Amino acid sequence: MALDQSFVGRTYPPTAPYEVGREKIREFAEAVGETNPVYTDPEAAKAFGYSDVIAPPTFVFSITFRAAGQVVEDPQLGLDYSRVVHGDQKFVYARPVRAGDRLTVTSTIEAIKSLAGNDILDIRGEVHDEAGERVVTAWTKLVARAAEEA
């Protein structure tokens with residue numbers, strides 16, 4: 001069954017603040033093979049004009065995808081998560097994520113489409129710091145595959 005188009009534009013409450021730690025950034029950088037010292041060495045980051053280490057660009061995926069869980073788990077939407085695959089991801093930064101940031105994410109359903117029996121859900125995650133300043137906007141595309149016919 002196709003997802004309800006009336007959910008387009010629905011915004012979910014902001015997440016609890018996520019505190020970005022140096023160690024999490026270092027672990028993430030190592031996991032994705034990033035060797036730039038601005039991700040692991042506070043002095044190197046300061047030499048480039050940052051107040052502390054910064055996170056690799058895809059670091060925020062973990063917090064924006066977790067925030068999108070509010071959408072995915074909304075029982076009224078009726079998304080069958082067992083059929084979902086990650087379709088696409090895009091980030092637009094206002095500034096880098098820094099160690100010490102306390103970030104919240106507000107998720108909004110931007111589009112719902114049906115294509116060949118598949119439901120395609122576009123979710124925008126607005127990431128803000130404690131001062132309410134936008135840090136990054138992330139778009140996540142989820143594809144709920146069509147049920148297999150018997």
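T64 sits in helix 3 of this predicted model. Its relative accessibility is 4%. Buried means under 20%, so T64 counts as buried. What does T64 touch, leaving out residues up to four places away in sequence? The answer is Q89, V105, V127 and A138.

Now look at the whole helix. Helix 3 covers residues 61-72, which makes 12 residues. From its first C-alpha to its last, helix 3 reaches 15 Å. That is close to the 16 Å expected at 1.5 Å a residue. T64 has buried company in helix 3: I63, A67, A68, G69, V71 and V72 are buried as well. Which strands help to cover these buried residues? The cover includes strand 1 (18-19) and strand 2 (84-93). It also includes strand 3 (102-115), strand 4 (118-128) and strand 5 (134-144).

Strand 5 leads to the next stop, A144. A144 has a relative accessibility of 7%. That value is under 20%, so A144 counts as buried. Follow the chain from A144 to V85 and the two are 59 residues apart in sequence. In space, their C-alpha atoms are 6.5 Å apart. A144 also touches L79, R83, V84, N118 and D119, with residues up to four places away in sequence not counted.

Next come the nonpolar cores. The largest one has 21 residues. Which of its members touch the most other members? They are V20, I25, F59, V97 and L103. Helix 1, helix 3, strand 3 and strand 5 each supply at least two residues of this core. Take F59 from that list. Leaving aside neighbours within four places in sequence, F59 is in contact with Y18, V20, K24, I25, F28 and V97. Another core lies apart from the largest one. This other core has 15 residues, and A144 is among them, along with L79, I109 and L121.

Turn now to charge. Side chains of opposite charge can pair when their charged atoms come close. How many salt bridges does the structure hold? It holds 12.

One of them joins the side chains of E23 and R26, at 2.1 Å from N to O. Both residues lie in helix 1, which spans residues 22-31. E23 and R26 are 3 residues apart there, about one turn of the helix. Are these two buried or partly exposed? E23 has a relative accessible area of 42%, so it is partly exposed. R26 is partly exposed too, at 25%.

A second pair is D122 and K113. Their closest N and O atoms are 3.3 Å apart in a salt bridge. D122 has a relative accessibility of 12%, so it counts as buried. K113 is partly exposed, with a relative accessible area of 40%. This bridge therefore links a buried residue, D122, to a partly exposed one, K113.

E126 forms a salt bridge with R124. The closest N and O atoms of E126 and R124 are 3.0 Å apart. At 17% relative accessibility, E126 is buried, because the limit is 20%. Salt bridges can also share partners, and in this way E19, R102 and E130 are joined into one network.

Note on methods:
Residues numbered from 1 in each chain as written. Predicted model: local features only at pLDDT ≥ 70, side-chain atom pairs only at ≥ 80, totals over all residues. Heavy atoms only, no water. Salt bridge = Lys/Arg side-chain N within 4 Å of Asp/Glu carboxyl O. Helix = DSSP H or I, 4+ residues; strand = E, 2+ residues; numbered from the N terminus. Buried < 20%, exposed > 50% of the residue type's maximum accessible area, 1.4 Å probe, protein only. Expected span 1.5 Å × (residues − 1). Contact = heavy atoms within 4.5 Å. Core = buried A, V, L, I, M, F, W, Y, C linked by side-chain atoms within 4.5 Å.
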